[in-house]
Amino acid sequence: TRQDFSSNDMFLLQGIASVAAIALHSAMLIRDVSVRDTFVSVASHELRTPLTSILGYADLLLRRNPPDATKKQWIKNIFDNSQRISAMVDDLLNVSRIHSGRLNIKLENVRLSDVFEETVDLIKESTKKHELAVNIEPELPDALADRDKLSQVIGNLLSNAVKYSPNGGQIMLSVHYDLQQQRIVVGVTDEGIGIDRADQDSLFTTFKRIQRPETQGIRGSGLGLYIAKEWIEAMGGEIWLESELNKGSTFFIAIPAQKSGKSG
Ligand code: ADP
């Protein structure tokens, strides 16, 4: 009870509370600095590697005159590495926007079949090893979501499914309406390398990439799932996964359905 504390006790407790507050504040500053250091070092490395390739091939093109087929391959290398830099810069800008609270989510009525069509077509073009299956419930209601960001998240999950199943296999996009929670659940399933239970929770943090012999040589920034979680949650949705090591993974997102209007 209040009476158990004398004014001396109160004075002492207030002193301790102030010191604890200062310690907490310092700890937060240190954490910010170390997050920023990781950010700068990973980002510089991820940008430096493709840039070195671009400089190398551009230099070769300037100094040599190879047959057309070789020239084409060098130009393709320059193009692929430029795309890698562009994707990394986009990811970094998105993370920076999220950190400063500028998520800029624009909720609108989204006809999901359009979003799926675009993203699935792009993924189909990117791989010959995988069979893409689509299972979309008919009469699906529209979603209330940010169209561009949702499309990027689904594209990212599909592209991860391709990247992390290097031996090919089936990739399934399944979509159903959860009537009880009035939300649309999208699942992306692959038959790839899978994810150990112990690693599953940390995947949605910045720069988290699982280091295994199987992931050697697979490129990425480790930012995609972090951005996906921030965006999906800002839309009032949820993201999670189910996976078994060496068997495959399913990443799910659930997004609120528009209250009225079914567009199929
Ligand atoms: P990255 O650019 O590294 O692919 P993400 O944030 O999209 O970044 O994914 C983080 C990590 O999660 C990946 O580096 C990979 O280790 C793991 N991961 C993501 N998707 C899959 C998947 N479908 N199967 C296995 N591992 C995955």
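A biologist and a modeller talk through the structure above.

This is a predicted model in which local features need pLDDT of at least 70 and side-chain atom pairs count only at pLDDT 80 or more, while totals for chains, interfaces and linings use all residues. Residues are numbered from 1 along each chain as its sequence is written, and side-chain values use heavy atoms, leaving out hydrogens and water.

Biologist: Happy to start with the helices: at roughly what angle do the axes of α1 and α2 cross?
Modeller: Helices here are DSSP runs of H or I with at least four residues, and strands are E runs of at least two. Helix α1 covers residues 7–63 and helix α2 covers residues 68–99. Their axes, fitted to C-alpha atoms over the stretch in contact, with N-to-C angles from 0 to 180 degrees, come within 9 Å and cross at roughly 160°.

Biologist: Nice, so is α1 roughly parallel or antiparallel to α2?
Modeller: The crossing is at roughly 160°, and over 145 degrees counts as roughly antiparallel. Therefore α1 and α2 are roughly antiparallel.

Biologist: Now the strands: which residue in β4 stands opposite isoleucine 136?
Modeller: Strands pair if DSSP finds at least two bridges between them. β2 (residues 130–136) and β4 (residues 169–178) are parallel partners, with 7 bridges. Opposite isoleucine 136 we find valine 175.

Biologist: And which residue in β5 faces leucine 173?
Modeller: β5 (residues 183–190) is joined to β4 by 7 bridges, and these two run antiparallel. The residue in β5 opposite leucine 173 is valine 188.

Biologist: Which residue takes a positive phi in the hairpin of β4 and β5?
Modeller: There are 4 residues between the two strands of that hairpin. A positive phi near 50° belongs to glutamine 182.

Biologist: Where is asparagine 104, then?
Modeller: Asparagine 104 is not a glycine, yet its phi is positive, near 55°. Asparagine 104 sits in the loop between α2 and β1 (108–110).

Biologist: On to your favourite part: how far is a nitrogen atom of the ligand from an N or O atom in the side chain of aspartate 190?
Modeller: The ligand has 20 residues around it (a heavy atom within 4 Å), and among the nearest are Asn160, Tyr164 and Arg209. For aspartate 190, the side-chain N or O atom lies from the ligand nitrogen at 2.9 Å.

Biologist: Which residue offers a polar backbone atom to an oxygen atom of the ligand?
Modeller: A polar contact is a pair of N or O atoms within 3.5 Å. One ligand oxygen is 2.8 Å from a side-chain N or O atom of tyrosine 164. The backbone atom, 2.8 Å from a ligand oxygen, belongs to leucine 225.

Note on methods: Angles under 35 degrees count as roughly parallel, over 145 as roughly antiparallel, 65 to 115 as roughly perpendicular and the rest as oblique. A polar contact is a pair of N or O atoms within 3.5 Å; within protein, one must be able to donate a hydrogen and the other to accept it, and residues adjacent in sequence count only if both atoms are side-chain atoms.
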